[in-house]
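Got your viewer open? Let's take a walk through this structure together, one selection at a time.

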Amino acid sequence: MNFRNIERHPRRAALAMALAVGLGFTGVAMGQATTGTIFGTATSAEAGDTVTVQGTNGVSRSVTVEANGKYTVSHLPLGTYTVTLRSDGEVLAKKTDIGLVIGSSTPVNFYGGGTTELGTVTVSASARPEIDVNSVSSSTVITARQLEQLPIGQNAESIALLAPSTVAASGYYGNAVSFGGAGATENAYYVNGYNTTKPFNNQGGFQLPYGSIAQQKTYTGGYSAKYGRSDGGVISQNGKRGTNQWHFGGQISWIPRSTRATPRNLYYQRFDDLPAGYKLESPDLQGKLYHYRQQNVSWRTKYSVYLGGPLIRDKLYMFIAADRSKSAGTDIDSKGGRADIYQDHEKNIYAKIDWNINSSNILELTYLENNQTTDEGATYAFDYDTLEVGDKVAGNAVNKRSAEFFIGKYTSYITDRLTFSALWGQGDFEHPVKYPSLSPLAYVGGVTQQNPAYLNAGEDYRLNDQTRLYRYLPTRGSHTRGLRADISYRIGDHKLSAGIDNMWYSATDHGQTMSGPGFAYFYVHTTKPNVPINEKLNVGAPGQEYYIDKYIYSVASSMSMEQKAYFIQDVWQVTDRFQLNIGIRNDHFINYNGQGQAFVDEDNQWEPRIGFSWDVNGDASFKIYGNVGRYYLALPNSVAERGANISTFTDEYFTYTGIDENGLPTGLKPVGGVNGAPAPGPVSANNEKGQPKDPNVVTPNDLTAQYQDEFILGFDKTLGQNWVWGAKAMYRELKTAIDDTCAMPYLGDKIEAMGYDKSNFEFKSPGCRLFNPGETNTFAVVNKATGDYLMVPMSYQDWGFKKGAERKYYALNLYLEHPFDGKWQMRVDYTFSRNWGNTEGQTRSDIGQTDVSKTVNWDWPSLMVGSSGYLANHRRHSLKIRGAYKLNREWTFSGTLLVQSGTPNACLGYFGADAKDPSGYGDYYRFCHGRYAPRGTNGYTPWTRMLNLGVRYQPAFAHHNLTLGLDIHNVFNEQKKIQVDPFYENAKFTVNPRYGQGIYFQSPRYLRFSVSYDY
């Protein structure tokens, strides 16, 4: 769907635990997992002997050792456990300080003839690491202790970037991460087992306060059938909980303004050799200052506290944490813009109650609250000649965002072999915006393209006090609720699981409307005044170099959706060394428009998952594993915004004879039609003119949800006494995508080909319809006379496309790991990957489009010409290193390094050598100065290197409870561009002086100081 940019149109167990944390070895669970498993072999045990696990969280469970000496205790809440082997009540052996990893299996083995192993289990450099041979999936776990040491950004996405096959997504999407070549909206977020992905558009998710994270598990592939709704990756956080000892503490962290490096200024590009027939929009701007950024710096302070402990020892526990942060700074716009002085406030609360009702039943309650307030302060004039901030122009909006979650989980250990669990949760989101001084004037953009003949001498442009293009409704918000229930039963060599996984979402008054009088003016300068502006939409030539685009975009609406699933999973221990995981899942997705009518109904989506793990040597020193699976992805609520609800998206073109004191054009005269036709008035490439949409028409009746197939094969192997290394190959292929197409004349042609008179059918409205690119879908068109529907099958050839949607991701990951041995730890990951195709997924990163599954791609066949190539999230090489060194009990040093190759640049312009516009989309074709230009034709963004260093001092005089910290982010202060302006032309044969200029950059170097106390 067409899009406009604002300015651009004892030892082994402990070692296994450390290894799982560092390498991300996992069990069979995934995002909603909140528990772990302890398993092992007791060679000295006899029939009837028992193994008891006792946690510091009060949980105690006993199981009988099987005839082959094996035992398993599953569905254990995260915590630290003591494992005891008994015979007739007599303790044969005991191991303590066994930590669990979320969704993983921790081996605890008892070898020998009944010798008692007492005392604390420690990681020993002379002990050989054991590998979790129960794992078949791919994930990385980072614990609270590692988060305290590693110098990384304090958010879930920064943690996720430590995992292989992850890269930062486009800067347009904030902190979003791309997993395995997928789009930025194709991931899922979980907190304590509940889905906290942002319900409206899937762009990010809500997360725990940083200091409350017990573990974060980042899944990059190989999920079991229990879980779905992501074909990218999963970020799963589990919060801290109370234990039998009271703990409290707090932290203050500070990023001073004075320690932030200065952002570098941007200058207009130089074009020394323009192609024949092309002119630069403003030749006198070459090399001159475009964006003054040296005052765009800020500071941030954060306060956090926590308290946790037993309300009733061994029975009832609580943990509560809260933090509050404030940041402030200056944001100076590019030339023609203003200066904003802003403040951001954020408050987070996390609370958890754990009730061990009895030895067989556990209840967990979680409360999570997030409140953010962005006080945009005030807008001031900024003089680009003197580089000084001028008078106040307007007071800006106060943007508030709040989220509140209630989560409950009940677990019942019915027998040693039978376990039932149920999780329920709900989330409420509010997004009110307060506008203290709404201007009645129209927003004006493109002011550097104003006709200088209507400006005073020395005056570069004119503006008014309208500082925003769009405004939001004060009542916008969202609500989610979810229910998950499953039952697990172990019989013989099989662990069987079955259950349901349901979510409901609603959104109210989302989208945006225009500010001021309900429209905006964009100034345009062309060097070819006698060339039609838009032949496709019957907009003729302006007849002069300067003209105006009157722009309207309004999409505020409500919508809802349901996502239901059921699954069956079998973990089969085929032999002592070989495990097979077999499962199948069925998902059902329904999307409703603002009137509660279903316009998308995708059911019977079967997803087989098969994985294996082979303990080659039988001693957990060498594992070969792999899996194959299918993963379906639901459409978020936002797809109804322009796809099924009322929307307006129009342009109307005028010439003008003056500019008033408010920067508004005067003497407007409509631009006529092509070949002397009358002026067409408001035009819309997507026929979005405020008309209602029939839910039976906007989507085909056989629409298939986006899905992807995935194949993984890898191994993990010990290397000597202290190291582990391994490799993993991954292949992902997008099988079906969902986008929209607006090429309705092709639908009319198919009606004629079927033997009907297309003039009898309403096939042009709505202007765009959801479909599966590359598949044959059946669409309904309305008979104008009878109101009946005619069903029209449309293949991708019928739509005029040469091929269907394609996205393929190949990756080879190599790693080397030194688990923490009480002194130091390190992990090195290298990933070679290839992300190829013509469809990024639900998003389009080169233009930052946020219309999920309604991108510019596939709107018209001409827009897909040249689309095949390396995709926007392609980074061929990625090197990640992280580690920590404990010099002594007082000093710890740590660091992270991320080195990555660049992403392919895009070059967009008008179609072909003669600058045609066959779709009416202007400069959105993959042609650069008339030449065919697939992504990467004009090079790549530069390689980036991000080195962060940290030091922690825990003085002995404070009993090592006090920590003084210093982190240095981006030590070398690299500020390379990571996103560039892809538009080569502003108008036909008129070169954009900002083409190839950086839009987003690496964050400049900054220092973060922290003081914390933990008791």
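Which pattern do the disulfides of the chain follow, with bonded cysteines counted along the chain? The pattern is 1-2, 3-4, and we'll visit both pairs below.

**Before you click**

You're looking at a predicted model, where local features need pLDDT of at least 70 and side-chain atom pairs count only at pLDDT 80 or more, while totals for chains, interfaces and linings use all residues. Residues are numbered from 1 along each chain as its sequence is written, and side-chain values use heavy atoms, leaving out hydrogens and water.

**Stop 1: the whole chain**

Show everything as a cartoon. You should find 5 helices and 62 strands. (Helices are DSSP runs of H or I with at least four residues, strands are runs of E with at least two, and both are numbered from the N terminus.)

Now turn the model around: the C-alpha trace spans about 100 × 70 × 50 Å along its principal axes. The radius of gyration is 30 Å, which agrees with the value near 31 Å for a compact globule of 1015 residues. (That radius is taken over C-alpha atoms, and the globule rule is 2.2 Å times the number of residues to the power 0.38.)

Switch on a surface. The chain exposes about 36700 Å², and carbon and sulfur atoms supply 54% of that. (Areas come from the Shrake-Rupley method with a 1.4 Å probe; for residues, only the protein chains shown count as cover.) Of the 1015 residues, 61% count as buried. (Buried means under 20% relative accessible area, exposed over 50%, and partly exposed in between, with a 1.4 Å probe and protein chains only.)

**Stop 2: the disulfides**

A disulfide is a covalent bond between the sulfur atoms of two cysteines. Here the cut-off is a pair of cysteine sulfur atoms within 2.5 Å, and by that rule the count is 2.

Select Cys742 and Cys768 and show them as sticks. Their sulfur atoms sit 1.9 Å apart. The torsion about their S-S bond is about 95°, so this disulfide is right-handed. The pair links distant parts of the chain, 26 residues apart: Cys742 is in the loop between strand E44 (739-741) and helix H5 (744-753), and Cys768 is in the loop between strand E45 (761-762) and strand E46 (769-771). Both Cys742 and Cys768 are buried.

Next, pick Cys907 and Cys928, another disulfide, with sulfur atoms 1.9 Å apart. Cys907 lies in the loop between strand E53 (891-900) and strand E54 (927-928), and Cys928 in strand E54, so the pair ties together parts that are 21 residues apart in sequence. The S-S torsion of Cys907 and Cys928 is about 65°, so this disulfide is right-handed. Cys907 is buried at a relative accessible area of 2%, and Cys928 is buried at 3%.

**Stop 3: strands side by side**

Strands of a sheet pair through backbone hydrogen bonds, either parallel or antiparallel. (Two strands count as paired if DSSP finds at least two bridges between them.)

Select 477-491 and 494-510: these are strands E29 and E30, antiparallel and joined by 15 bridges. Leu483 stands opposite Asn502 in E30. At the hairpin, 2 residues lie between the strands, and Gly492 takes a positive phi near 60°. Add strand E34 (557-573), which runs antiparallel to E30 with 13 bridges; look for Ile500 facing its bridge partner Tyr566 in E34.

Move on to strand E37 (622-633). Buried or exposed: which describes 9 of its 12 residues? They are buried, so E37 is largely enclosed by the rest of the structure. E37 pairs with E36 in the antiparallel sense over 7 bridges, and with strand E42 (706-719), also antiparallel, over 12 bridges. In E42, Asp709 is the bridge partner of Arg630.

**Stop 4: an open sheet and two odd asparagines**

Find the open sheet of 5 strands, in the order E8-E13-E14-E11-E12, with mixed pairing. Strand E8 (138-143) and E12 stand at the edges with a single partner strand each, so one side of each has no neighbour in the sheet.

Most residues other than glycine have a negative phi. Now select Asn192, in the loop between strand E11 (188-191) and strand E12 (194-195): its phi is positive, about 50°. Asn192 is buried, at 6% relative accessible area. Finish at Asn604 in strand E36 (598-615), where phi is also positive, near 50°.
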